Amino acid sequence: MHGRPRKAYKPEEEAASAAKAVKLRSLQNQFMSNHHAKIYTKEAIDLSTKLLEINPEAYTAWNYRKLAVEDTLSREESNPDLVKSILDEELKVVESALRQNFKSYGAWHHRKWVLRKGHSSVGNELRLLDKFQTLDSRNFHAWNYRRFVVELTNRSKEDELKYTEDMISKDFSNYSAWHNRSVLLSSLLAKAEGFMPNEKIPDEYKLVHDAIFTDEDDQSGWFYHLWLLDQTVNVETPLLTSSWPSHGSCINLSGGAGCLKDSSSSKLTTLCSDLGSFPLILYFDQAVGGVSSSTVTVDSELRGNEDLVWEPVSNKNSQVSSVWVAHLKFMSSEPCFPKEYTVKVRIGNSPGIVSSRGCNFSTPYEFVFTAHVHDTVREDSQEVVVSWTDGFDIWDAQSKDLNFLVNLDQQMGLKWRQEAIEEEIELFRALSDSKIGKLTLARLLMAKAMISENGVKGVHYEEILELYNDLMVLDSSHYHYYKDEHSVASLHKVTSSTESLSRHLFRYRDMNNSVCLRLNNLSLSRIASVEKLLFVQMLDLSHNELHSTEGLEAMQLLSCLNLSHNRIRSFSALDSLRHLKQLRVLDVSHNNIGEHSVDTTRYLCSSPLSNSEWTEDEVGRQMTSLVTKYWDAYFVLRDLNLKQLDIAGNMIAGDEFYTLVPQVVPTLVWLNGHRVRS
Amino acid sequence: QLGFRVDLSQLNRRRRERRFEHPSNHRGKGGGVMEELPSITVSQREQFLVENDVFGMYSYFDSSDIATQKFMVEIQRDKQLDYLMNGLRQLGPSFSSLDANRPWVCYWIIHSIALLGESVDDDLENNAIDFLGRCQGSDGGYGGGPGQLPHLATSYAAVNTLVTLGGEKAFSSINREQMACFLRRMKDTNGGFRMHNMGEIDVRACYTAISIASILNIVDDELTRGLGDYILSCQTYEGGIGGEPGSEAHGGYTYCGLATMILINEVDRLNLDSLMNWIVHRQGVEMGFQGRTNKLVDGCYTFWQVNLLTLLVSFVADGGFRDKLRKPRDFYHTCYCLSGLSVAQHAWSKDEDTPPLTRDILGGYANHLEPVHLLHNVVMDRYNEAIEFFHRAA
């Protein structure tokens, strides 16, 4: 009960309280009739005072008083003394109501309303707040009111910062004070007048160390520390993290389903698309909106690309995403010699790209790549079944093939950030025997990896992985959280250098030696580092612990994906694959799909399809009961242009489901290794 | 006295089997739903009740005085239906502060009865409908009692009560058109909603407005315009959501904000990773949940935070069907949430490396959670019936 003692009522107390209730009822009745008759006499107003003193929740009475005040003010505007005394009376009523219930929304709101009239002394408000905040230093109504008063009076933010410091030094555990400090500092740092992050943030680290090292078990300091870390690492303005094609790269394009026989050029940069277009992918460090042909200009001689359409790779309904894609057409029907085109992409020359927090993409960026368009090879490659089990050869990657892995260097003012993180790491290595100490150290080490100019060594990631391994054992209640962080660190490690990444790259013989990225058997529970893997066309994620494909939607070139032996539990977990227009081969065998399907008869609806668009769909009309039963599969599969699907070893797999699949996916040739009978 | 009288001796404690035999019963479709549920023990029911009632109105609970809190906790604790029925008849004088919240009392009690698989008799049902009808303002919305100013929170309670009662009479007692006008009047230019005319703007108001509009099928662009931006401005750096821009993150508001974003189909705009992180770390060493950073663990937060976690799991861990269909939003989202929930529960109860927390709490209420709609907190079959009715009404 929020720290309040409960006590039983004694009989005499009950009698008193019954008498009080009778009184209240009569007050209420009189008040209501005054309110509806719009009676604003002194007696009527006094009556509402009595009512509010007993029951501050009576919001109708607060409104009545506002109307009554307005009524008097409209007649007495020329008498400032009277106006002031009326408003002071309102403040008094609020104060006694707050004494009755400190958490009354109506009372606090009424006080703000009075203050906005501008006739009251604000100094009183701060004194009153000090009194209240001493009694209950965590009351969020009081803190909200404090922020309101400060804003209204233009009290300096520095003074308020000092106030939070006083509150914190009285009690390190007062998270409300820490929170307010972060809000104040954010706005001071944003203005940057005398408040430079490179000076202030290191000071803040010192302040929070006092709290953390005084009482290691207290959460408040740790959360503030996390905020500081965020301020140290992240830049508010959105940046371009990577693109495909990358700057300076040379890509080979070919139409048709088959591929180039000759592979003098790197397989990594060869794209065969039966769509006659290739995706241009922009990957930002945070979700942005406003990517369009006016904010991104693409100059090339490739014809038919005058009005490029940029689409966010995310929710259809949402116009922000960290991944944006446009499809550039290329012609390959002309006589058979390669043609070379230069493509120049300029981002952010005109304003309009804005983060979801409202920050502008302010550093224009330009990159150039060349595209060789090859003649279409008419070869029917449908016959090939991708097996995943053998036919992989070590790939002799040359570092120049992978030079796109180098980060786009756009970060500004890195030095103080690196130094601050370095100092924290030193400090927390000494404290890393506690759970929160280990977690903080792991986060600091990840932060270092993110802002180091020349990347960090594998051994650095080993330390992070070790910390998360420890945490999984020490703190099993947060196991899944640590597991996910561990996966993120593992993938950062893999993509941290050309050497480590090339260990996972193989040639697949059966598909003209296409390059396959094999991240199998890494016990991954989550996908990360996708921004460095935009080039991947064939990906093996088998034998991991993935629950979802979230993140893969950015890999717009992906055509073959192996997710077998993971922990996918439903087709809805594969939803992000709908964005992959090139995907042709999908292996989701040996997962848990269908094991806990949504039993729609048990839950709310006969099916979510009951009154939706599917009835307009041919398959939906013909196979109503199957579609209703497998609605989640239906929604994902009908958007995929698969040629090969492997789904054996799942609960959902069975004759009934197999009847539906080819109807929903008419392009399908192979199902579980068998040719689909048409 | 709280508004409507009923003679306790007339109350039938009808078992749910009987409910479906009743000729005037329109809930036939949901019948099988309840029959298939595994039977739950009394203590499980009790636990469920505790969790749910607090979930029902966390922020109100936090802001109310001791007498009110005591009453709410007693509803939750007491497993006797008689107590609940009695509460509908008459509350002791110490509950006078609930005077501005009478629809809430109806909701807590009637919802609790429904959660127990029971329903009130016709007299009581008619009384409740009549009483709430008198709370309904002539230009839309419900006040805390007859003659009181329409208020979003009491409107939410009234609508949920009527949905829980179910049936043509209860549904058609709601003036949808006027309710839409009321909601539009409460809409502020900053995208958020006011609790009542000249009242405060906050995330509670946003949630109650959108929950009402969604059940009554009156959501339109005017109501949702700028709302996502407003909620987004209340998300703090830690990932949780505060009551208003600049406020400290708070479990109750975080639920309201997240549910609002799901209902208006803009949940992707929130920083879900940091929200997940925030919720995970609200769990203290005692394995309970805190409402805010560094507050004492309190049982009443358990449902909120776990419910939050559940909503999130269905959107984050399972990837997801976020955007598929615009039109049948309610069906769709509910199914989606539930599929995620079902996945989460089963996953956690089966895994060898299951954390104790999730086994204790999620596993514990896995059986009971099924019949409640996570976004509106009304019993599922009542929700279905209402949605069908209001889709026909549109």
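The following paragraphs describe the domains of chain A, one contact between them, a sheet and a helix. The model is predicted, so that local features need pLDDT of at least 70 and side-chain atom pairs count only at pLDDT 80 or more, whereas totals for chains, interfaces and linings use all residues. Residues are numbered from 1 along each chain as its sequence is written.

Chain A is divided into domain 1 (24-233), domain 2 (240-383), domain 3 (415-452 + 456-495) and domain 4 (499-675), with bounds from an automatic or database domain assignment. Between domain 1 and domain 3 of chain A, the C-alpha centres lie 40 Å apart. Their contact (heavy atoms within 4.5 Å) takes 15 residues from domain 1 of chain A and 17 residues from domain 3 of chain A. About 1500 Å² is buried between these two domains, 79% of it given by carbon and sulfur atoms; buried area is the accessible area (1.4 Å probe) that two parts lose on being put together, summed over both. Trp222(A), Thr232(A) and Val233(A) supply 34% of the area that domain 1 buries against domain 3, more than any other three residues.

An open sheet of 9 strands runs in the order β11-β12-β13-β14-β15-β16-β17-β18-β19 (chain A), with mixed pairing. Strands are DSSP runs of E, at least two residues, and helices are runs of H or I, at least four residues; two strands pair if DSSP finds at least two bridges between them. Because β11 (392-394) and β19 (674-675) of chain A each have a single partner strand, one side of each is left without a neighbour in the sheet. Strand β18 (residues 670-671) of chain A pairs with β19(A) in the antiparallel sense over 2 bridges, and Leu671(A) stands opposite His674(A) in β19(A).

In helix α20 (residues 655-664) of chain A, the buried residues (under 20% relative accessible area, 1.4 Å probe, protein chains only) are Phe657(A), Leu660(A), Val661(A) and Val664(A). They lie on the same side of α20(A) because they cover an arc of only 110° around the axis, taken from the directions from the helix axis to the C-beta atoms.

Definitions and conventions:
Chains lettered and ligands numbered in written order. Heavy atoms only, no water. Buried < 20%, exposed > 50% of the residue type's maximum accessible area, 1.4 Å probe, protein only.
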